[in-house]
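Please examine the sequence and the model displayed below before attempting the exercises.

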Amino acid sequence: MMKRRKPERKNPASYLVMGGSLLMLAMLMTDLGDRRPKPVSNKCLEVVQSQSVLHRDKLSQLLSIPERSSREQVKAVISEPYCRLPQVEIRAGVPADREAYPLAFDPQTWFVVLYEGNEYVGYDFVFKK
């Protein structure tokens, strides 16, 4: 009859080495750099027209303007903005100008128009507290 061998017990130090190795491997595979986007300031740099608001009809017209239209097309629909906000980079290396218009029916909400040069690139909403 064959004798059964007792399973070898691993040294507790080997578990520590194995766990440490796995931890090091996980750390090497993880980029520890901060890749979160930087917070964007929505504070006015310059107030252009303190009485400027955006009415529903103008908002509706703006929403129908396709992206990549000219700035002039947008300006034909809306008047001067309430204020200009700090530039942001929507695409890497391309600064975007932002102009804010408080909504006439909800002044705590701003409609923000984005331009890259003389090209309309989109919009955003900013909700003030």
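The exercises below treat the salt bridges and then the strands and a helix. The model is predicted: local features need pLDDT of at least 70, side-chain atom pairs count only at pLDDT 80 or more, and totals for chains, interfaces and linings use all residues. Residues are numbered from 1 along each chain as its sequence is written, and side-chain values use heavy atoms, with hydrogens and water left out.

**Exercise 1.** Determine which parts of the chain the salt bridge between Arg84 and Glu46 ties together.

*Solution.*
Step 1. A salt bridge is a side-chain nitrogen of Lys or Arg within 4 Å of a carboxyl oxygen of Asp or Glu. Eight salt bridges are found in the structure. In the one between Arg84 and Glu46, the closest N and O atoms are 3.5 Å apart.

Step 2. Glu46 belongs to strand E1 (residues 46-47) and Arg84 to strand E2 (residues 83-91), so this pair ties together parts 38 residues apart in sequence. Helices (H or I, at least four residues) and strands (E, at least two) are DSSP runs, numbered from the N terminus.

**Exercise 2.** State whether Glu99 is buried or exposed, and follow its salt bridges into a network.

*Solution.*
Step 1. Buried means under 20% relative accessible area, exposed over 50%, and partly exposed in between (1.4 Å probe, protein chains only). Glu99, at 3% relative accessibility, is buried.

Step 2. Glu99 forms a salt bridge with Arg84, with 3.7 Å between the closest N and O atoms. Since Glu99 lies in strand E3 and Arg84 in strand E2, the pair ties together parts 15 residues apart in sequence.

Step 3. Through shared partners, salt bridges join Glu46, Arg71, Lys75, Arg84, Asp97 and Glu99 into one network. Within this network, Arg84 is partly exposed at 29% relative accessibility, and Glu46 is partly exposed at 42%.

**Exercise 3.** Establish the order of the strands in the sheet, and identify which strands stand at its edges.

*Solution.*
Step 1. Two strands pair if DSSP finds at least two bridges between them. The five strands form an open sheet, in the order E1-E2-E3-E4-E5, with antiparallel pairing.

Step 2. The edges are E1 and strand E5 (119-127); each has a single partner strand, so one side of each is left without a neighbour in the sheet.

Step 3. Strand E4 (residues 106-116) is joined to E5 by eight bridges. Phe111 has Phe125, in E5, as its bridge partner.
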